[in-house]
Amino acid sequence: MLEQLLIFTRGGLILWTCKELGNALKGSPIDTLIRSCLLEEHSGAASYNYDAAGASYTLKWTFHNELGLVFVAVYQRILHLLYVDDLLAMVKREFSEIYDPKRTVYNDFDETFRQLRREAEARADEFKKSKQMVKPVNNSKKQGQVQKAGFDKGNKKSEGGLAADEDDGDKVKGRKFENGYSNGNRIEIEEPRMTGVVNGKENTSSNISAFDVSKLQKRTKGGKKTDTDVNKGSKADPKKKVEKKKRVWDDAPTETKLDYTDPVDGNGNENIEVVAADQGESKMDIDEIISSDSEDEEDNNVVNDSQPEAKKKGWFSSMFQSIAGKASLEKADLEPALKALKDRLMTKNVAEEIAEKLCESVAASLEGKKLASFTRISSTVQAAMEEALVRILTPRRSIDILRDVHAAKEQRKPYVVVFVGVNGVGKSTNLAKVAYWLLQHNVSVMMAACDTFRSGAVEQLRTHARRLQIPIFEKGYEKDPAIVAKEAIQEATRNGSDVVLVDTAGRMQDNEPLMRALSKLIYLNNPDLVLFVGEALVGNDAVDQLSKFNQKLVDLSSSPTPRLIDGILLTKFDTIDDKVGAALSMVYISGAPVMFVGCGQSYTDLKKLNVKSIVKTLLK
């Protein structure tokens, strides 16, 4: 049974709801759909599943992009209603004919909807009956059936129940699949046999003579061949020989200190007098300026490179369409430009799955819109994609750490940040960068060494704490990190520290014991911010890491409302040039914003993510 059907504008104004379907929806499925799907450019999906206490809903929707209307149907997930798509299409067609932007009440649409619903249900019933009346195809061989000699009798037949003819049989027989099987019979895929040199010995098991690289002959400028015996080798000209310069050792000590390990005196006692690291102002507080130079026009290549030859239009027809405009954009018109945009995003290191979903969402938002005069389809698609990227990368909610730190300070409790991520992404180093930035804003910081798994992790964090001259709470190795973090927060409450930065062990997303320990740490201490530290170098792996981290935190948590990733710290951003797609992939799959960007080796190399710069780079 259909639970509800709503019609509202893209601005959020509800125009019509079905009064007959007055069932009170449990939870807030419509708000969740708008917040988590439509605003996050997931509108290209076929449906959305919403789970609430005591109910599970499936939501389907369609758009009227020219009028800016959204049509949403809600029904129980267990029912699998077949007529919902048909009903939404009919409601969209009928309502668009009576829609007036000045009207806000459409009580006269109730009777029309009842009739449309009856028609859709009747068609669905007829479809069910027609499917039940269809008899299964008999697998026995019929009269007049021709079977190709050499085929096994157990081979599968075509869908029509007839065997393949002789021509098709030859084609199928000659086809070789990647897995080495064809029509149920195993075949061998022939590979070219070549001779090669393995460990200095020539493999002559094949009769085919391979090209021997050692027998290459060099030609002089006059065309004469020179001796190229590999064993003898040609001697270089002594005049061109470059001699290695002798190294001059300077006995003077270096001015900068490179060793920051534990300083001890002659008796073995620690000497903790280390000068605090002062490397200037952190880049977090420096606003990045983007040049306003006009971008290169690439719209001509967008359509011409991806459109098939058979579908290319002439110069006059394309110019007439750009001048006069088009009645409404269709999916076939958008496909060439969207394919070019997808390829461009993938070259920028965006995960293929994310690029595909983005293009589907942009197509759903443009389909049915009227193309303006003097406007190309490619430029319209690019503008829509730019808006979508800005909407995705812009945080849904404001996360101001300094403001939240002062709010927690007024409540006389420390602000707790937990750094999580896979192995080797730079959690400890970037934790120190965040600590350095907080110190510049007169915030007292304490580190918690909760990486009790990796050898040297505590010593690494201790070195950063000594350089920054901030306290560190540690309990050594092979301890429960959840208990260490809890004791660290208690210690910070006693000594009045404003922020506790919790360092955790690096772990792969499939390592269940370590993921269970992380879930326990987050559940037991309830931190204010959970930061996922990821590399900007990864592409498709970023999607797998973040989605599995969030899934494990849900599955392994003891809380009915488990905590997920709150923000992202993207490291090694200075090594990727224009391959900035990992930032988009991570934000799209998790919905968490990129709060910090690591861009170097010093403590000041920490920046904010500039959304406009990322979008400009992705579409360049």
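**Exercise 1. Asn-349 and Gln-469**

Task: In this predicted model, state where Asn-349 is placed and what sign its phi has. Then do the like for Gln-469.

Solution.
- Step 1. Find the place of Asn-349. It is in the loop between helix H7 (331-347) and H8.
- Step 2. Read the backbone angle. Asn-349 has a positive phi of about 80 degrees, and it is not a glycine.
- Step 3. Set this against the general rule. Most residues other than glycine have a negative phi.
- Step 4. Move to Gln-469. This residue sits in the loop between H12 and E12. Its phi is positive, near 55 degrees, and Gln-469 is likewise a residue other than glycine.
- Step 5. Check the surface. Gln-469 has a relative accessible area of 51%, so it is exposed, the cut-off being over 50%.

**Exercise 2. Ile-470**

Task: Decide whether Ile-470 is buried or exposed, and list what it touches.

Solution.
- Step 1. Place the residue. Ile-470 lies in the loop between helix H12 (457-468) and strand E12 (472-473).
- Step 2. Apply the cut-off. Its relative accessibility is 9%, under 20%, so Ile-470 is buried.
- Step 3. List the contacts. Leaving out residues up to four places away in sequence, Ile-470 touches Ala-435, Leu-439, Val-445, Met-447 and Ala-465.
- Step 4. Take one of these partners, Val-445. It is 25 residues from Ile-470 along the chain, and the C-alpha atoms are separated by 6.5 Å.

**Exercise 3. The packing of H8 and H9**

Task: Describe how helix H8 and helix H9 pack, and name the residues that make the contact.

Solution.
- Step 1. Take the geometry. H8 (residues 352-366) and H9 (residues 377-393) pack at an angle of about 115 degrees. Their axes are 10 Å apart.
- Step 2. Give the hand. The crossing of H8 and H9 is right-handed.
- Step 3. List the contact. H8 supplies Leu-358, Cys-359, Val-362 and Leu-366. H9 supplies Thr-380, Val-381, Ala-384, Met-385, Ala-388, Leu-389 and Ile-392.
- Step 4. Sort the residues by character. Ten are nonpolar, one is polar and none is charged.
- Step 5. Look at one member, Val-362 of helix H8. Its relative accessible area is 1%, so Val-362 is buried.
- Step 6. Name its partners. Not counting residues up to four places away in sequence, Val-362 touches Leu-338, Val-381, Ala-384, Met-385 and Ala-388.
- Step 7. Reach further along the chain. Val-362 and Ser-43 are 319 residues apart in sequence, yet 8.4 Å apart in space, C-alpha to C-alpha.

**Exercise 4. Aromatic pairs**

Task: Classify the ring pair of Trp-16 and Phe-109 and that of Phe-71 and Phe-95.

Solution.
- Step 1. Start with the total. The structure holds ten aromatic pairs.
- Step 2. Take Trp-16 and Phe-109. Their ring centres are 5.1 Å apart and their planes stand at 90 degrees, over 60, so the pair is edge-to-face.
- Step 3. Place both residues. Trp-16 is in strand E2 (residues 14-17) and Phe-109 in helix H3 (residues 109-133), so the pair ties together parts 93 residues apart in sequence. Trp-16 and Phe-109 are both buried.
- Step 4. Take Phe-71 and Phe-95. The centres are 6.2 Å apart and the planes at 80 degrees, so this pair is edge-to-face.
- Step 5. Place these two. Phe-71 lies in strand E5 (residues 69-76) and Phe-95 in helix H2 (residues 84-98), so the pair ties together parts that are 24 residues apart in sequence. Phe-71 and Phe-95 are both buried.
- Step 6. Join the pairs. Trp-16, Phe-71, Phe-95, Tyr-99, Tyr-106, Phe-109 and Phe-113 form one aromatic cluster.
- Step 7. Add a charge over a ring. Arg-10 lies over the face of Phe-63, at 4.6 Å from the ring centre.

**Exercise 5. Ala-488**

Task: Which helix holds Ala-488, and which residues does Ala-488 touch?

Solution.
- Step 1. Place the residue. Ala-488 is in helix H13 (residues 481-495).
- Step 2. Assess burial. Its relative accessibility is 0%, so Ala-488 counts as buried.
- Step 3. List the contacts. Ala-488 touches Met-446, Ala-448 and Phe-473, not counting residues up to four places away in sequence.
- Step 4. Add a distance. The C-alpha atoms of Ala-488 and Met-447 are separated by 8.3 Å, with their positions 41 residues apart along the chain.

**Exercise 6. The whole protein**

Task: How many helices and strands does the protein have, and what share of its residues is buried?

Solution.
- Step 1. Count the elements. The protein has 17 helices and 17 strands.
- Step 2. Give the buried share. It is 39% of the 620 residues.
- Step 3. Turn to contacts between residues at least 6 apart in sequence. Of these, 71% join residues at least 24 apart.

Notes: Residues numbered from 1 in each chain as written. Predicted model: local features only at pLDDT ≥ 70, side-chain atom pairs only at ≥ 80, totals over all residues. Heavy atoms only, no water. Phe/Tyr/Trp six-rings, centres within 6.5 Å; stacked < 30°, edge-to-face > 60°. Helix = DSSP H or I, 4+ residues; strand = E, 2+ residues; numbered from the N terminus. Buried < 20%, exposed > 50% of the residue type's maximum accessible area, 1.4 Å probe, protein only. Lys NZ or Arg CZ within 6 Å of the ring centre and 35° of its normal. Axes fitted to C-alpha atoms, helices over the stretch in contact; angles between N-to-C directions. Left-handed = near helix turned anticlockwise from the far one by under 90°. Contact = heavy atoms within 4.5 Å. Nonpolar A, V, L, I, M, F, W, Y, C, P; charged D, E, K, R; others polar.
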